Amino acid sequence: PKEPDRWTRVLKEACKQCGQLWLPELTVHSNLSHALSSPRWTRLYLASLATASAMPEHSAPEGIAVIIGPEGDFVEEELSAAQAAGAVPV
């Protein structure tokens with residue numbers, strides 16, 4: 001699908017604009033439960049409009065994942081499932 005290519009371009013442009021030296025890996029999952037079950041994440045964040053918490057700074061980005069959901073935000077059941085899986089809403 002064209003959507004991952006579009007987001008890869010957006011990531012590259014954002015990195016250029018802020019002077020970031022590394023390009024985050026983009027992974028598209030078919031659903032939230034699939035994303036939450038990935039064993040690769042050591043720290044998992046959920047970008048949500050329902051929280052006022054800022055994402056903490058990390059000196060090494062390896063193993064950190066940020067799950068970005070639909071435009072209208074996650075529904076309450078999704079937020080609960082993500083938090084139960086260890087995701088921190090930011």
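These exercises work through a buried aspartate, a salt bridge and a pocket in a predicted model.

Local features are taken at pLDDT of at least 70 and side-chain atom pairs at pLDDT 80 or more, while totals for chains, interfaces and linings use all residues. Residues are numbered from 1 along each chain as its sequence is written, and side-chain values use heavy atoms, without hydrogens and water.

**Exercise 1. Place Asp73 and state whether it is buried or exposed.**

Step 1. Locate the residue. Asp73 sits in the loop between β2 (64-68) and α3 (76-84). Helices (H or I, at least four residues) and strands (E, at least two) are DSSP runs, numbered from the N terminus.

Step 2. Apply the accessibility classes. Buried means under 20% relative accessible area, exposed over 50%, and partly exposed in between (1.4 Å probe, protein chains only). Asp73 has 13%, so it is buried.

Step 3. Check the backbone. The phi of Asp73 is near 80 degrees, a positive value in a residue other than glycine.

**Exercise 2. Find what surrounds the Asp73 side chain, and which side chain of opposite charge is nearest.**

Step 1. Look for charge. Lys and Arg count as positive, Asp and Glu as negative; His and the chain ends are not counted. The nearest side chain of opposite charge is Arg6, 17 Å away, and Asp73 has no salt bridge.

Step 2. List the contacts (heavy atoms within 4.5 Å). Beyond its neighbours within four places in sequence, Asp73 touches Ala47, Ser48, Leu49 and Ala50.

Step 3. Pick out backbone partners. The Asp73 side chain reaches the backbone nitrogen of Leu49 at 2.9 Å. It reaches that of Ala50 at 3.3 Å.

Step 4. Turn to Ser48. This residue lies in the loop between β1 (43-47) and β2. With 6% relative accessibility, Ser48 is buried. Its side chain makes a polar contact with the side chain of Asp73 at 3.2 Å. A polar contact is a pair of N or O atoms within 3.5 Å; within protein, one must be able to donate a hydrogen and the other to accept it, and residues adjacent in sequence count only if both atoms are side-chain atoms. The Ser48 side chain also reaches the backbone nitrogen of Ala50, at 3.1 Å.

**Exercise 3. Determine how many salt bridges the model has, and describe the pairing.**

Step 1. Set the rule. A salt bridge is a side-chain nitrogen of Lys or Arg within 4 Å of a carboxyl oxygen of Asp or Glu.

Step 2. Count. The rule gives one salt bridge.

Step 3. Name the pair. The side chains of Glu13 and Lys16 meet at 3.5 Å, N to O. Both residues lie in helix α1, three residues apart, about one turn of the helix.

Step 4. Add accessibility. Glu13 is partly exposed at 41%. Lys16 is exposed at 61%.

**Exercise 4. Describe the largest pocket and state which element gives the most to its lining.**

Step 1. Define it. On a 1 Å grid over the protein atoms alone, a pocket is an open set of points where a 1.4 Å probe fits, with protein on both sides within 12 Å along at least five of seven lines; lining residues have an atom within 4 Å of a point.

Step 2. Give the volume. The largest pocket holds about 1,300 Å³ of space. Of its 39 lining residues, Glu25, Leu26, Val66, Ile67 and Ile68 are the closest to the centre.

Step 3. Assign the lining. α1, α2 (32-36) and β2 each supply at least two residues. α1 gives the most, with six.

Notes. Grid points are joined across faces, edges and corners, and a volume is the space filled by probe spheres set on the points.
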